[in-house]
Amino acid sequence: MELLNLRRRKRLAERGLSLLKEKRDALVMELLSIAKEYQNVMFEVREKMEQALSSLALARIDMGSARLNEVIASLKPQVAVEVRMRNIMGIATPMFKVTPIVDVEVSPYNLLNTTAYLDEATKIFRDLFTSIIKLAEIQAVARRIAEEVEKAKRRVNALENIVIPMINKNIKYIELYLDERAREDIFRLRLLKKKRVRR
């Protein structure tokens with residue numbers, strides 16, 4: 001009975017190992033595609049950051065530092081970030097969504113005594129903020145998937161190097177024990193036959 005149980009456990013362990021390997025490989029492929037997306041968004045963030053800082057520098061030259069700092073200090077939050085969870089291959093990952101708090105078409109500051117460079121910088125910074133939130137989402141998803149890949153790797157290693165070899169060892173031990181008992185039984189039967197023949 002124990003031998004049959006061990007063989008059943010071995011089949012289950014091997015099936016589980018196969019499924020875990022498939023899951024690990026799929027997660028690695030997902031992680032690679034996320035890494036590619038991360039590079040694209042990171043490039044976009046750098047590009048927008050350069051444009052925004054350039055426009056802000058031109059606005060500072062045009063308006064003066066004191067007036068620009070006044071306008072910046074008077075600004076209130078324009079957007080909020082909603083966090084929701086979604087499921088990617090059985091993994092709960094965050095999803096960030098930027099939602100406007102106020103009408104984005106209306107300027108957040110008084111247009112008198114400001115410059116078009118500030119308007120341009122404001123628009124670019126708004127786009128930049130959305131891209132940075134997207135980048136943060138990609139990083140959070142990548143981190144969660146990387147953690148799952150690591151877990152799957154540990155489980156695969158445990159099954160391959162500990163569980164299945166231990167089951168194989170126990171199966172072999174029981175088979176050797178049963179073979180030994182079978183040989184002893186054959187030996188006993190031969191002795192009994194010889195005794196009966198002598199009588």
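**Nonpolar patch.** I looked first for nonpolar side chains at the surface of this predicted model, and I found a patch of about 300 Å² that is made by M49, L53, F125 and I132. I then asked which elements give two or more residues to this patch, and they are helix 1 and helix 3. Of its members I looked up F125, whose place is in helix 3 and which is partly exposed, with a relative accessible area of 31%.

**Helix 1.** I next checked the length of helix 1, which runs over residues 2–63. At 1.5 Å a residue its 62 residues should span 92 Å, and I noted that the C-alpha atoms at its ends are 86 Å apart, which agrees with that expectation. Just after the helix I came to G64, which follows helix 1 and has a positive phi, near 95°.

Within helix 1 I also looked up L19. Is L19 buried or exposed? L19 has a relative accessible area of 53%, and because exposed means over 50%, L19 counts as exposed. From L19 I took a distance to R198: the two residues are 179 residues apart along the chain, and their C-alpha atoms are separated by 62 Å.

**Salt bridges.** I asked how many salt bridges the structure holds, and the count is 17. I went through several of them, beginning with K134 and E37, whose closest N and O atoms are 3.5 Å apart. K134 lies in helix 3 and E37 in helix 1, so this pair ties together parts that are 97 residues apart in sequence. When I looked up how open the two partners are, K134 came out as partly exposed, with a relative accessible area of 33%, and E37 is likewise partly exposed, with a value of 33%. I noted too that this pair belongs to a network of salt bridges in which E37, R86, K134 and E137 are linked.

Another entry concerns D25 and R24, whose side chains meet in a salt bridge with an N to O distance of 3.4 Å. For D25 I found a relative accessible area of 41%, and therefore D25 is partly exposed.

The third bridge I looked up joins the side chains of R84 and E82, with 3.9 Å from N to O. R84 counts as partly exposed at 39% relative accessibility, and E82 counts as partly exposed at 36%.

**Positive patch.** Turning to charge on the surface, I asked which residues gather in a patch of positive charge, and I found R190, K193, K194, K195 and R198 there. From this group I followed K194, whose place is in helix 3, a helix that runs over residues 116–198. K194 has 51% relative accessibility, and it counts as exposed because the cut-off for that word is over 50%.

**E180.** My last look was at E180, which also has its place in helix 3. E180 is partly exposed, with a relative accessible area of 37%. I then asked how far E180 is from R15, and I noted that these two residues are 165 residues apart in sequence and 31 Å apart in space, taken from C-alpha to C-alpha.

Note on methods. Residues numbered from 1 in each chain as written. Predicted model: local features only at pLDDT ≥ 70, side-chain atom pairs only at ≥ 80, totals over all residues. Heavy atoms only, no water. Patch = residues over 30% accessible without salt bridge, like charges linked within 9 Å, V, L, I, M, F, W, Y side chains within 5 Å. Areas by Shrake-Rupley, 256 points an atom, 1.4 Å probe, with all protein chains shown as cover. Salt bridge = Lys/Arg side-chain N within 4 Å of Asp/Glu carboxyl O. Lys, Arg positive; Asp, Glu negative; His and termini not counted. Charge placed at Lys NZ, Arg CZ, Asp CG, Glu CD. Helix = DSSP H or I, 4+ residues; strand = E, 2+ residues; numbered from the N terminus. Buried < 20%, exposed > 50% of the residue type's maximum accessible area, 1.4 Å probe, protein only. Expected span 1.5 Å × (residues − 1).
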